[in-house]
Amino acid sequence: AGKTVLTNMIQDAASQAGRKVVALELDRYFKAWSEMPTVENGQLDFDNPEAMHMDWIAEDIGRLLRGEEIDMPAFEFSTGTSIRHSGEKKRLGDTDILVLDSIHAFHDTILGSVAGYDTAKFFVDADADHRLLRRIRRDALGPRNLRPILNIRWWDLIRDREERFIL
């Protein structure tokens with residue numbers, strides 16, 4: 001509910017102050033559908049942190065924080081394929097700001113990868129109705145290309161996953 005909007009706002013503010021933001025979109029770290037956890041009805045559980053390559057995330061964050069270049073992974077929502085190296089490179093400069101755009105940014109593995117560095121943590125919250133509307137818009141217009149009825153149908157499960165893994 002607003003993570004990417006906040007990331008963009010941070011990028012704009014940093015740019016006006018002469019600083020660069022490197023955003024790490026953690027949706028790119030999803031596992032292939034065949035490796036993802038599922039819920040009781042067999043549906044893929046995207047909101048479960050086990051749906052992500054946490055080892056890749058920790059490795060890439062560590063490399064970025066050491067000033068090394070990383071080769072970003074990719075996840076293709078239409079086919080459920082995960083690629084470790086997409087060819088898209090990122091590097092964090094000495095004065096750059098790293099922003100992690102994810103519902104799982106507070107996961108222990110991720111927090112452990114930034115231990116010892118100056119950090120600021122932001123949790124963006126919105127009421128359930130706004131989260132549902134934002135999710136419908138994102139999924140209908142973005143790479144997921146999901147029909148709005150699916151978010152409505154899955155909303156109780158999504159709320160359960162929020163309580164269990166995020167909030």
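Me: Buried means under 20% relative accessible area, exposed over 50%, and partly exposed in between. In this predicted model, is Gln43 buried or exposed?

Reply: Gln43 sits in the loop between β1 and α2. Its relative accessible area is 16%. The limit for a buried residue is under 20%, so Gln43 counts as buried.

Me: Which residues does Gln43 touch, leaving out those up to four places away in sequence?

Reply: Ile61 is 18 residues from Gln43 along the chain, and their C-alpha atoms are separated by 30 Å. Ile61 does not appear in the list of contacts of Gln43. With residues up to four places away left out, the residues touched by Gln43 are Pro37, Thr38, Trp154 and Leu157.

Me: How confident is the prediction, and which element has the lowest mean pLDDT?

Reply: Over the protein the mean pLDDT is 84, and 93% of the residues reach 70 or more. Among the elements, strand β2 (residues 70-71) has the highest mean, 97. The lowest mean, 72, belongs to helix α4 (residues 128-141).

Me: What span should helix α1 have at 1.5 Å a residue?

Reply: Helix α1 covers residues 3-16, which is 14 residues. The end C-alpha atoms of α1 are 20 Å apart, and this agrees with the expected span. Just after α1, Gly18 takes a positive phi of about 80°. The span that α1 should have is 20 Å.

Me: What distance does helix α2 reach from its first C-alpha to its last?

Reply: Helix α2 runs over residues 54-65 and has 12 residues. After α2 comes Gly67, with a positive phi near 85°. At 1.5 Å a residue, the expected value for α2 is 16 Å, and the model is close to it. From first C-alpha to last, α2 reaches 16 Å.

Me: Which residues of α2 are buried, and what covers them?

Reply: The buried residues of α2 are Met54, Trp56, Ile57, Asp60, Ile61, Gly62 and Leu64. An α-helix has 3.6 residues a turn, so residues three or four places apart point the same way. The cover over the buried residues of α2 includes β1, β2, β4, β5, β6 and α3.

Me: Which element supplies the largest share of the largest nonpolar core?

Reply: The largest nonpolar core has 21 residues, and Leu24, Tyr29 and Ile57 touch the most other members. Both β1 and α2 supply at least two residues of this core. The largest share is five residues, and it comes from α2.

Me: Which residues does Tyr29 contact, leaving aside neighbours within four places in sequence?

Reply: Tyr29 is among the three core members named as touching the most others. With its neighbours within four places set aside, Tyr29 is in contact with Leu24, Ala51, Met52, His53, Trp56, Ile57, Asp60, Ile70, Met72, Pro73 and Arg84.

Me: Is Arg66, which meets Glu68 in a salt bridge, buried or exposed?

Reply: The side chains of Arg66 and Glu68 are 3.1 Å apart, N to O. Glu68 also forms a salt bridge with Arg63, at 2.9 Å. At 29% relative accessibility Glu68 is partly exposed, and so is Arg63 at 25%. Arg66 has 52%, and because exposed means over 50%, Arg66 counts as exposed.

Me: Where are Asp71 and Lys89, whose side chains meet in a salt bridge?

Reply: The side chains of Asp71 and Lys89 come to 3.3 Å, N to O. The pair links distant parts of the chain, 18 residues apart. Asp71 is buried at 15% relative accessible area, whereas Lys89 is partly exposed at 45%. Asp71 is in strand β2 and Lys89 in strand β5.

Me: How many salt bridges does the structure hold?

Reply: Glu59, Asp60 and Arg84 are linked in a network of salt bridges. Other pairs include Asp71 with Lys89. The number of salt bridges in the structure is seven.

Methods: Residues are numbered from 1 along each chain as its sequence is written. Side-chain values use heavy atoms; hydrogens and water are left out. pLDDT is the predictor's confidence in each residue, from 0 to 100. Helices (H or I, at least four residues) and strands (E, at least two) are DSSP runs, numbered from the N terminus. The expected span of a helix is 1.5 Å times one less than its number of residues. Buried means under 20% relative accessible area, exposed over 50%, partly exposed in between (1.4 Å probe, protein chains only). Contact means heavy atoms within 4.5 Å. A salt bridge is a side-chain nitrogen of Lys or Arg within 4 Å of a carboxyl oxygen of Asp or Glu. A nonpolar core is a set of buried Ala, Val, Leu, Ile, Met, Phe, Trp, Tyr and Cys residues joined through side-chain atoms within 4.5 Å.
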